[in-house]
Amino acid sequence: MTRRFAPCVVKAANRSSYTKAELQQSYNRGIGAHKQNYTGPRSSSGKKLISAVGWACGRVNALVRGKKDVDPDIRRKRNARIRRRRRR
């Protein structure tokens, strides 16, 4: 069974040192954050202006670009993997 990844996850994985699985985990957290407690921009009628997919892709891109407060556990895991690889 092949695993399906979001298109923004595949593009971000190709240009970064994160694996697709790590970025998909961040993407899933973004979807959940949008559904759970969305306090971002809204229209005058109260409708959300950013979709759940847009919110999740923004979270993935923030992680790849190195924003410190986005998914620090995934960043630590990646850094440990890179350190192990360099020691060999």
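How many disulfides does the count come to? The count comes to 1 disulfide, a disulfide being a pair of cysteine sulfur atoms within 2.5 Å. The structure is a predicted model, in which local features need pLDDT of at least 70 and side-chain atom pairs count only at pLDDT 80 or more, whereas totals for chains, interfaces and linings use all residues. Residues are numbered from 1 along each chain as its sequence is written, and side-chain values use heavy atoms, with hydrogens and water left out.

The disulfide joins Cys-8 to Cys-57, with an S to S distance of 2.3 Å. Distant parts of the chain are thereby linked, with Cys-8 in helix 1 (residues 7-14) and Cys-57 in helix 3, 49 residues apart. Helices are DSSP runs of H or I with at least four residues, numbered from the N terminus. The torsion about the S-S bond of Cys-8 and Cys-57 is about -85°, so the disulfide is left-handed. Both Cys-8 and Cys-57 are buried (under 20% relative accessible area, 1.4 Å probe, protein chains only).

Helix 2 (residues 20-36) packs against helix 3 (residues 52-65) at an angle of about 135°, with the axes 8 Å apart. Helix 2 is therefore oblique to helix 3, the term for angles that are not under 35 degrees, over 145 or from 65 to 115. The contact (heavy atoms within 4.5 Å) involves residues including Leu-23, Tyr-27 and Ile-31 of helix 2 and Trp-55, Cys-57 and Leu-63 of helix 3. Cys-57 thus belongs both to the disulfide and to this helix contact.

Note on methods: Axes are lines fitted to C-alpha atoms, for helices over the stretch in contact, and angles run from 0 to 180 degrees between N-to-C directions. Helices (H or I, at least four residues) and strands (E, at least two) are DSSP runs, numbered from the N terminus. Buried means under 20% relative accessible area, exposed over 50%, partly exposed in between (1.4 Å probe, protein chains only).
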